[in-house]
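Student: Please take a close look at a single part of this structure, and then place that part in the context of the rest.

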Amino acid sequence: MQRCNKIYNHPIYQKHMAHIDEAERDRKFCLHNLEHSLDVARIGWIMILEKGLDIDKELFYTAALLHDAGRYTGIPHNESGAMLAGKLMPQCGFSDEETELVTNAIREHRINENSSEFSKILYTADKKSRMCFNCAAADECYWEMEKRNSDIEV
């Protein structure tokens, strides 16, 4: 997980996450902070293990760490997050192939159709990380009821 930690410690990543933390300081709804990213990583990793998939743990954790890091840039966060991953990953020792896999998953993490298995797991883990059943702001949430997590599950 050395390369994933390099992403986390990279000054550009830290700047993006500080910007997100500031933008969401008074937010009542789901946050897009480090805790959320690690929840996505751990849920996704459980899914990968349960399905017996050949997906590298460090690559999945890297995708989860970066999947929302592009928020509040003025362009859709999946696109800006993919651009950020494309910039940081080579600087942190990831190959072109690894970078392409992760950038595609980040780009696709807002959809679940015609995506790779890696992307689908990132999408699903992102959604399952939300504890709608225990949310104090549920009455004000814009998510459709069908999309909300009403039970504890992985």
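Tutor: Ala125 is buried, since its relative accessibility is 0% (buried means under 20% relative accessible area, exposed over 50%, and partly exposed in between, with a 1.4 Å probe and protein chains only). The model is a predicted one, in which local features need pLDDT of at least 70 and side-chain atom pairs count only at pLDDT 80 or more, while totals for chains, interfaces and linings use all residues. Residues are numbered from 1 along each chain as its sequence is written, and side-chain values use heavy atoms, with hydrogens and water left out.

Ala125 belongs to helix α7 (helices are DSSP runs of H or I with at least four residues, strands are E runs of at least two, and both are numbered from the N terminus). Leaving aside residues up to four places away in sequence, Ala125 touches Val40, Ile43, Gly44 and Met47, where contact means heavy atoms within 4.5 Å. Ile46 stands 79 residues from Ala125 along the chain, yet their C-alpha atoms are separated by 9.4 Å.

The helix that carries Ala125 also packs against another. Helix α6 (residues 96-108) and helix α7 (residues 117-128) have axes that come within 9 Å and cross at roughly 45°; axes are lines fitted to C-alpha atoms, for helices over the stretch in contact, and angles run from 0 to 180 degrees between N-to-C directions. This crossing makes α6 oblique to α7 (angles under 35 degrees count as roughly parallel, over 145 as roughly antiparallel, 65 to 115 as roughly perpendicular, and the rest as oblique). The crossing of α6 and α7 is right-handed, a term for a near helix turned clockwise from the far one by less than a right angle, anticlockwise being left-handed. On the α6 side, Leu101, Val102, Asn104, Ala105, Ile106 and Glu108 meet Phe118, Ser119 and Leu122 of α7. The residues of this contact divide into 6 nonpolar, 2 polar and 1 charged (Ala, Val, Leu, Ile, Met, Phe, Trp, Tyr, Cys and Pro count as nonpolar, Asp, Glu, Lys and Arg as charged, and the others, Gly among them, as polar).

A second pairing involves helix α1 (residues 2-9) and α4, which pack at an angle of about 15° with their axes 9 Å apart. These two helices are therefore roughly parallel to each other, and α1 passes α4 in a right-handed crossing. Here Gln2, Arg3, Cys4, Ile7 and Tyr8 of α1 meet Glu58, Tyr61, Thr62, Leu65 and Leu66 of α4. The contact comprises 6 nonpolar, 2 polar and 2 charged residues.

Cys4, one of the α1 residues in that contact, raises the matter of disulfides. With a disulfide defined as a pair of cysteine sulfur atoms within 2.5 Å, the count comes to 0. Cys4 is in no disulfide, and the nearest cysteine sulfur, that of Cys92, is 9.4 Å away. Cys4 is buried at a relative accessible area of 7%, and Cys92 also counts as buried, at 3% relative accessibility.

Two further positions complete the account. Tyr72, in the loop between α4 (57-66) and α5 (77-91), has a positive phi of about 65° although it is not a glycine. Tyr72 counts as partly exposed, at 36% relative accessibility. Glu144, in the segment after α7, is likewise partly exposed, at 46%. Glu144 and Gln2 are 142 residues apart in sequence and 39 Å apart in space, C-alpha to C-alpha.
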